[in-house]
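User: Let us go through this model by question and answer. Start with strand pairing, please.

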Amino acid sequence: MAPETSKAMDPPRWLVKLVDAEGSRALEKAIHGDRLEPPEIAELIADTPFHALAAAADYYARRVKGGRGSFTVNIYLAYTNICITACSFCAFYKPPGKPGAFTRSPRELALAVKKAVEEHGVVEVHMVGGNNPELPFSYYEELISSIKEAAPKTVLKAFTAEEIWFIAKQTGQSTREVLERFQELGLDALSGGGIEILDESIQERIAPKKVPPEEYLRVHEEAHRIGLRSNVILMYGHIEDPIHVARHLYRVRMLEEKAPGFISLIPVRFNPGDTPLGKSRLYREKARLDGQYDLRIIAAARLALLGAVDNIVAYWVSMGDKLAQAALGHGANDVGGTFYKEAVISAARGGVGGGKSPRELAFMLSQAGWEPWVRDTFYNYLRRVEPPKLPWMA
Ligand code: SF4
């Protein structure tokens, strides 16, 4: 099946009949490619009959992507875990001077990248770090230059909009100046973290010192306008309600319509571990832990972003393998990457750590009915991967 743009696609008759039978106005709008308002997206997450929602999202995921499921071969690097932002959900950061705090040298990271390219065929470097007030601007310049020198053909997807905002504040520059300098040195795309939910009332509770949602979106807009594409996450499963998730998806869509450049949306389930948020009463009272909630969010994301952002990632690092595989039948088309080394999420006790081989990811995709492909950061499909067969399949 050839990939198709999701704009202006007519739904098949069977889907129209199914949706008619369920009488969901929001779903009816969604399958005709109309933009949904936040209350309608919230309805998809909270109330819409699950089988109809899942069928619509899975249908469009496969149609938009032409049946190609994907992942990239990447390495996940953290250049520092020192951070002064102290988000309540984060088990990764250390305040300056605390045991376990680290900052890696540009040379050390460049060597790790070189090795990963030579030994594992890595095509993407995914690099993020904490908001470390001790780092001068020259550190970031050297970091980008060293990695690009060590692996000139490897895509460098690094820094969240939050990091760009922090670096700009610390160094007395505008965010645009920081973005332009990083791009000039070889930064290829922005990574998607740095915000949890694009809703002021939630961010003020869980990450009050972080970049405000409007500023976060402004940095992405600036990046898109200078030709630097970006990704965006959505962290769910803590103290949010469906309407907050809905607002997040709506704001992502609105920005994409205004200044296109988003590559993918990556829903990330919150792992409580030993974090203050995980131990809070509000989390214990509100958190929705059932797997259907995850799948509803994936499906709602697919439909809310139909015609705007075509790639919805089932992030196995936070969902675990089996739920990620289920997500591939509910609107997701991609499992992220191999993440040969991953630091941020596995630092939370209860998180899933470690990397996966391309064959493992190909197996996950093929068993969910997708053709497994290795892609680059921008979803150019590079090669089809033959998934391993279990002995009983031979
Ligand atoms: S999520 Fe990022 S900004 Fe927040 S404390 Fe952790 S490392 Fe710092």
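User: How many bridges join strand E9 to strand E10?

Analyst: This is a predicted model. Strand E9 covers residues 371-375 and strand E10 covers residues 381-384. The two run antiparallel. The number of bridges joining them is three.

User: Which residue in E10 stands opposite tryptophan 373, and which residue stands opposite tyrosine 381?

Analyst: Take tyrosine 381 of E10 to begin with: its opposite is arginine 375. For tryptophan 373, the residue across in E10 is arginine 384.

User: Which residue in the hairpin of E9 and E10 takes a positive phi?

Analyst: The hairpin has five residues between the strands. The phi in question is near 65 degrees. The residue is tyrosine 379.

User: Why is one side of E8 and of E10 left without a neighbour in the sheet?

Analyst: The sheet is open, with four strands and mixed pairing. Its order is E8-E1-E9-E10. Strand E8 (334-337) and E10 each have one side free because each stands at an edge, with a single partner strand.

User: By how many degrees are neighbouring strands of this sheet turned against each other on average?

Analyst: Direction is ignored for this angle. The average is 30 degrees.

User: What angle does the direction of helix H17 make with that of E9?

Analyst: Helix H17 spans residues 358-367 and packs on the sheet. It touches strand E1 (68-72), E8 and E9. Its direction makes an angle with that of E9 of about 140 degrees.

User: Which helix gives the largest share of the largest nonpolar core?

Analyst: That core holds 131 residues. Ala56 and Ala314 touch the most other members. The largest share is nine residues. They come from helix H4 (residues 50-65).

User: Which residues does alanine 314 touch?

Analyst: Leave out residues up to four places away in sequence. The contacts of alanine 314 are then Ile298, Met319, Ala324, Ala327, Leu328, Ala332, Asp334 and Val335.

User: How many residues of helix H1 are buried?

Analyst: H1 runs over residues 13-22, ten residues in total. The helix is hardly covered. Just after H1, glycine 23 takes a positive phi of about 65 degrees. The count of buried residues in H1 is one.

User: How do the residues of the shell around the ligand divide into nonpolar, polar and charged?

Analyst: The residues around the ligand include Cys83, Cys87, Cys90, Phe92 and Tyr93. Glu162 and Lys210 are also among them. The shell divides into six nonpolar, three polar and two charged.

How values were computed:
Residues numbered from 1 in each chain as written. Predicted model: local features only at pLDDT ≥ 70, side-chain atom pairs only at ≥ 80, totals over all residues. Near = placed C-beta within 6 Å. Nonpolar A, V, L, I, M, F, W, Y, C, P; charged D, E, K, R; others polar. Core = buried A, V, L, I, M, F, W, Y, C linked by C-beta atoms within 7 Å. Buried ≥ 20, exposed ≤ 12 C-beta atoms within 10 Å, placed from the backbone. Contact = placed C-beta atoms within 7 Å. Pairing = 2+ DSSP bridges. Axes fitted to C-alpha atoms, helices over the stretch in contact; angles between N-to-C directions.
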